[in-house]
Amino acid sequence: MAAGHAPTRAELVEKARDIYDDLDFGAVRRWLAEHPGRKAAGYLPVYVPREIIHACGLLPVGIHGGGDRLEIIRGDAFYQSYICHLPRSVIELAQSGRLDMLSAVLFPSTCDVIRNLSGMWKLLYPDAYVRYIDVPQTPDREAGADFWESELRRLVDDLGAVSGHHPTDADLRASVELYNQTRAMVRSLYAARRERPWDLPSEELYVLLRAGEMIPPEEFIQLAREYLAAVEAEPGRPRDNSRVVVVGAFCEQPPLGLIISIERAGCYVVDDDFLLGNRFLLRDVPLDGDPVRALAEAFVSNDQCTSVLYESDPLGKKRVMQERVAAAGADGIIFATPSFCDPALLDQPMLRSGAEKACIPCIAFKYAENTGQFQQFREQAGTFADSIKLWGAA
Amino acid sequence: MAEALKDRSMLLQKEMLARHFERLARAPETGEPVVYTFVPGNLTELIRSFDALPVLPEINALQSGMRKLSGDYIAEAERAGHSEDVCTYVKCDIGMMRSGNLGPGGLKLPKPDLLLLSYTGCYTFMKWFELLREEYDCPTVMFHVPYQGDGVLEPEHRSYMLRQLREQVIPALEKATGRKYDEDKLRHHLALSAKAEDDLVAVLQAGKNRPSPIDGYFGTVYYVGPIFSAFRGTEEGVEYYRTLRAEVEERAALGLGPITPDGPLEGERYRLVVEGPPNWTSFRDFWKMFSDEKAVVVASTYTKVGGTYDFGFRHDPSDPLGTLADYCSGCYTNLNLPSRIDMICRYIEEYQADGFLINSVKSCNSFSAGQLMILREVEKRTGIPGAFIESDLVDPRYFSAANIKNRLESYFQMIDARRLGKTA
Ligand code: SF4
Ligand code: SF4
C-alpha cells in the first residue's frame with residue numbers, strides 16, 4: 001500500500017485475506033516479535049471475555065480450526081469419524097507446532113467436544129495455561145452474575161499470572177471500552193451489509209472478521225474503518241438476489257468457498273452467526289462501576305439467543321428466527337451446520353419449526369470446514385433463491 | 001443357595017420397577033406429581049421429599065433399545081426433522097413419546113409436571129429438555145452444575161449450585177407439587193441413600209476378588225439401575241442393595257464367578273476394565289462375546305455416571321443441599337479427561353486387570369470426544385495395550401457384531417501372547 005493514499009478495497013481485503021490464510025499465525029508471531037516480553041492467549045469458539053485477556057496484556061487469538069487448507073496428518077488419530085472436524089484441525093494446528101506461541105488457551109462451554117478438548121490440552125501441553133470457561137446457564141440473573149463474576153476474577157488472576165501483569169481497574173475499563181468499540185464496529189459492518197449487501201460481499205466481510213481474530217483490536221478497528229471508507233469510494237452494483245440469514249455456523253467455520261457459493265448462487269447473506277463471539281454481547285458494557293462486575297452483568301442481561309446458552313423462555317426458540325429474519329429484512333433462512341455439531345443440530349428442529357410456522361422459507365445443509373466441493377451447495381442455494389423470488393412475485 | 005439369592009435380588013428389582021411404572025401410569029388419576037430428570041446429577045432424594053415420582057428418560061431410552069423398539073423410535077424422530085448425527089437417546093425418547101409414550105412395561109408414561117434439567121456432564125441434556133418442553137408445554141427448571149475443568153469442585157461452583165437449589169430448584173418443585181420443602185424429609189431420604197451406597201460400593205469392589213463374583217459392566221448396569229434411577233433414598237432401594245450385597249459376598253466367599261445370561265461364568269480368563277457406555281440393542285450378544293471367552297469386566301466407568309461412590313462419596317444427611325451439589329459435581333461425565341484417565345488407571349491397578357477396552361458410542365460426545373487420547377494415555381501409564389471398539393447406544397444401525405467380535409478375539413489373543421511373553 002502506498003503511503004499517503006487511502007488503501008483500496010482490494011488492498012484491504014487482500015491484507016485481511018493474507019492474515020486469515022496464514023495457518024502459521026504469522027500476524028500473531030509478528031506481534032510477539034515486535035512486543036518482547038508480551039504473550040498471547042488463544043480461545044476456541046464461541047464466547048470468551050476477550051477484554052480480560054487484553055487487560056492482562058495478552059494478545060487474544062481466535063482458534064477457529066484449519067479450514068480447507070490444512071492437511072490433517074495427526075488430528076485424525078485423536079478423533080473418531082463421527083466427531084465434527086473442528087477439534088481434529090485444532091489438534092493438527094497444535095501438534096504441528098503452529099500454536100506453540102500461545103501461553104494460554106481458553107475453552108468455552110460451547111459443547112462437550114470443546115469441553116473435553118480442554119482436558120486433552122492439559123495433558124498434551126502441560127506448560128500452557130488451560131481453562132474451561134463455564135458460562136452461567138441459570139436464568140436467575142443475580143446468581144448468574146455472581147457466579148460469572150467469580151469466574152472472571154479467577155481469570156483475571158490467572159491470566160495476570162501468565163502475563164506478569166495483573167490489571168488494574170483502569171486497565172480493565174480501558175479494555176472493556178476498546179471491546180465496546182470493536183463490537184460497535186462489527187455491528188456497523190453487519191448493518192452496512194444488511195442495508196447494501198451488494199456493497200459488502202459476505203466473502204469480504206468474513207475475511208475481515210477472521211483477520212480480526214488474530215490482530216490487536218485497535219488494528220482491527222482501523223482495518224474495518226478503512227474498509228468501510230473504501231466501500232463508500234467503490235460501491236458495488238445491486239443485483240436481484242434473495243436475502244437470506246445463515247444459521248448454525250457459529251463454531252466450526254464454513255470454508256470460504258461455501259460462503260462465496262451461497263452468494264454467487266443468488267443469495268445475499270444479510271445476517272449470519274459466523275464468528276459469533278466477536279459480537280456476542282449485544283450492548284455496550286457500562287464503563288462506570290467495577291469493570292469485572294460490569295462484564296458479568298452484561299453477560300447475564302444480554303439477549304443473545306444462541307444454541308450454546310440455555311433458553312429459559314419456552315417460546316424463545318420459536319420466535320428467534322422470525323425476529324432475526326424481520327430484523328435483517330430477509331426472505332429466507334439457510335441452516336448451514338457442521339456435520340456432527342450437537343449444538344447446531346439439536347437446535348435446528350426447534351428453530352426451523354418456529355420459522356416454518358411463520359411461513360419463512362428454509363433450507364438446510366451440512367458442511368465440514370474442509371469441504372472442497374461446492375457444486376451441491378450452489379445448486380441448493382440457487383434453487384432456494386429462485387423459489388424465494390417466485391414466491392415473492394406471486 | 002447363591003442361585004436363590006441371586007433370584008431374590010433380580011426379583012426384587014423387577015417388582016420395584018413394575019410398581020414404579022404402575023404408579024407412574026396411574027399418576028394422572030392419583031395426582032402424584034411427576035418430575036422428569038437425568039441420571040447424572042439426578043436429585044432423586046429431593047424429588048422424593050416432595051412426594052413426586054421421578055422419570056429418567058435415558059433409562060426409558062435404553063429400555064427401548066433392549067426391547068428392540070428404539071430403531072423405529074429413532075426413525076420416527078428423524079422423519080420429524082431430528083438429525084442423524086445427534087444423540088440417539090434423545091431421538092429414541094422423542095420417537096417413543098410420539099408413538100404413544102409407552103414406558104418399559106408397556107404402560108403409558110405420564111406427562112411431566114416439571115422438567116428438572118440437571119445440567120450435569122452433558123451438553124445434550126440442555127437441548128433434550130428444551131425439545132421436550134416444546135412437546136409437553138410444561139415448566140422447566142435449569143440446574144447448572146459447573147464442569148470440573150480443573151479436576152476439582154471449586155468452592156464458588158459449589159455456592160452457585162447451592163444458590164440455584166435454594167432459589168430455583170426448590171421453588172420450582174414447590175410450585176409443581178403444591179408441597180412445601182421439608183428439609184427433615186430430605187435428610188431422611190439422604191440417610192437411606194447413604195445406606196444403599198455403602199452396599200453398592202461393597203458390590204462394586206467385589207470385582208477385586210479373583211475370580212470376580214460380578215461382571216463390573218454388563219452385570220453391574222443392572223445393579224446400578226435402582227440407585228441411578230428412581231430408588232435412591234428409598235426403603236426399597238436399601239432393601240435391594242442389602243440383598244444384592246449378601247448375594248455377591250456369598251458368591252465371593254464360595255469363589256464363584258459372575259452370573260451371565262448363559263448362567264454362572266466359571267474359569268475367569270481375562271479381567272478387563274471398560275470405559276464408555278454399552279450398546280443396548282444387542283446387549284446380550286455383546287455380553288456373550290465376552291463371557292464366551294471367559295472375559296470378565298472387573299470395573300467400568302459407565303457404572304459411575306450416576307455417582308462415583310467407590311471413591312468415597314456418600315450422600316450426607318447433615319448437609320442436605322451441599323451433599324446434593326457434591327454428588328452432582330462428582331458424576332463421571334462431569335469429570336475432566338485427566339481425572340477420567342486417573343480413574344481408569346486406578347481401576348486397572350486395584351482390580352488387577354489384564355486389559356482395558358473402550359466402547360466408543362457414536363451418540364455421546366460427552367464420553368467419546370477424547371477417548372482415543374484416553375486410550376493412549378492409559379496405555380502409556382499402565383504399559384497395558386487397550387482395545388477400541390465403536391458402536392452406539394440404541395441405534396441398531398451402528399452395532400456391527402462381526403467387526404466387534406473380531407476385534408475382541410484379536411484383543412484376547414494379544415493378552416494371551418503378552419502372558420506367554422511374560423512367562424517365557
Ligand atoms: S462444531 Fe459443533 S460439535 Fe464441533 S466443536 Fe464446534 S460446537 Fe462442538
Ligand atoms: S450425549 Fe451422552 S450423556 Fe448426553 S444424553 Fe446422550 S448418551 Fe447421555
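The dialogue below goes through the interface, salt bridges, one histidine and the cysteines of a predicted model.

Colleague: How much area do chain A and chain B bury between them, and which residues supply the most of it on the side of chain A?

Modeller: The size of an interface is often given as the accessible area lost when the parts come together. In this predicted model, chain A and chain B bury about 4700 Å² between them, with 56% of that area on carbon and sulfur atoms. Tyr82(A), Tyr310(A) and Leu346(A) supply 15% of the area that chain A buries against chain B, which is more than any other three residues. The contact involves 56 residues from chain A and 57 residues from chain B.

Colleague: Which elements of chain A supply the side that touches chain B, and what classes of residue does that side have?

Modeller: Across the interface there are 32 residue pairs in polar contact, both residues being at pLDDT 80 or more. On the side of chain A that touches chain B, at least two residues each come from α5 (112-124), β4 (129-133), α6 (141-163), α12 (316-328) and α13 (342-357). The largest share, 9 residues, is that of α5(A). By class, this side of chain A has 27 nonpolar, 12 polar and 17 charged residues.

Colleague: How many salt bridges cross the interface of chain A and chain B, and with which residue of chain A does Asp150(B) form one at 2.8 Å?

Modeller: Side chains of opposite charge can pair when their charged atoms come close. Here 9 salt bridges are found across the interface of chain A and chain B, while the structure holds 74 over all chains. Asp150(B) forms one with Arg131(A), where the closest N and O atoms are 2.8 Å apart, and its side chain also meets that of Arg154(A) in a salt bridge of 3.0 Å, N to O. The latter pair crosses between chains, from the loop between β4 and α7 (155-177) of chain B, where Asp150(B) sits, to helix α6 of chain A, which holds Arg154(A). Asp150(B) is partly exposed at 25% relative accessible area, and Arg154(A) is partly exposed at 28%. There is also a network of salt bridges that links residues of both chains, among them Glu142(A), Arg153(A), Arg163(B) and Glu167(B).

Colleague: How many residues apart in sequence are the parts that Arg314(B) and Asp198(B) tie together?

Modeller: The salt bridge between Arg314(B) and Asp198(B) has its closest N and O atoms 2.6 Å apart. Because Arg314(B) lies in the loop between β8 (295-300) and α12 (320-330) of chain B and Asp198(B) in helix α8 (residues 183-205) of chain B, the pair ties together parts that are 116 residues apart in sequence. By contrast, Glu323(A) and Arg319(A), which form a salt bridge at 3.4 Å, both lie in helix α12 of chain A, 4 residues apart, about one turn of the helix.

Colleague: Is His144(B) buried or exposed, and which residues does it touch?

Modeller: His144(B), in strand β4 (residues 140-144) of chain B, is buried, because its relative accessible area of 1% is under 20%. Leaving out residues up to four places away in sequence, His144(B) touches residues of both chains, including Asp134(A), Phe147(A), Tyr119(B) and Met161(B). Its side chain is joined to that of Tyr160(B) by a polar contact of 2.8 Å.

Colleague: How many disulfides are there over all chains?

Modeller: A disulfide is a covalent bond between the sulfur atoms of two cysteines. The count over all chains is 0. Cys362(A) is in no disulfide, and the nearest cysteine sulfur, that of Cys359(A), is 10 Å away. Cys362(A) is buried, with a relative accessible area of 11%, and Cys111(A) also counts as buried, at 12% relative accessibility.

Technical notes:
Residues are numbered from 1 along each chain as its sequence is written. Chains are lettered from A and ligands numbered from 1 in the order in which they are written. This is a predicted model: local features need pLDDT of at least 70, side-chain atom pairs count only at pLDDT 80 or more; totals for chains, interfaces and linings use all residues. Side-chain values use heavy atoms; hydrogens and water are left out. A disulfide is a pair of cysteine sulfur atoms within 2.5 Å. Buried means under 20% relative accessible area, exposed over 50%, partly exposed in between (1.4 Å probe, protein chains only). Contact means heavy atoms within 4.5 Å. Buried area is the accessible area (1.4 Å probe) that two parts lose on being put together, summed over both. A salt bridge is a side-chain nitrogen of Lys or Arg within 4 Å of a carboxyl oxygen of Asp or Glu. A polar contact is a pair of N or O atoms within 3.5 Å; within protein, one must be able to donate a hydrogen and the other to accept it, and residues adjacent in sequence count only if both atoms are side-chain atoms. Ala, Val, Leu, Ile, Met, Phe, Trp, Tyr, Cys and Pro count as nonpolar, Asp, Glu, Lys and Arg as charged, and the others, Gly among them, as polar.
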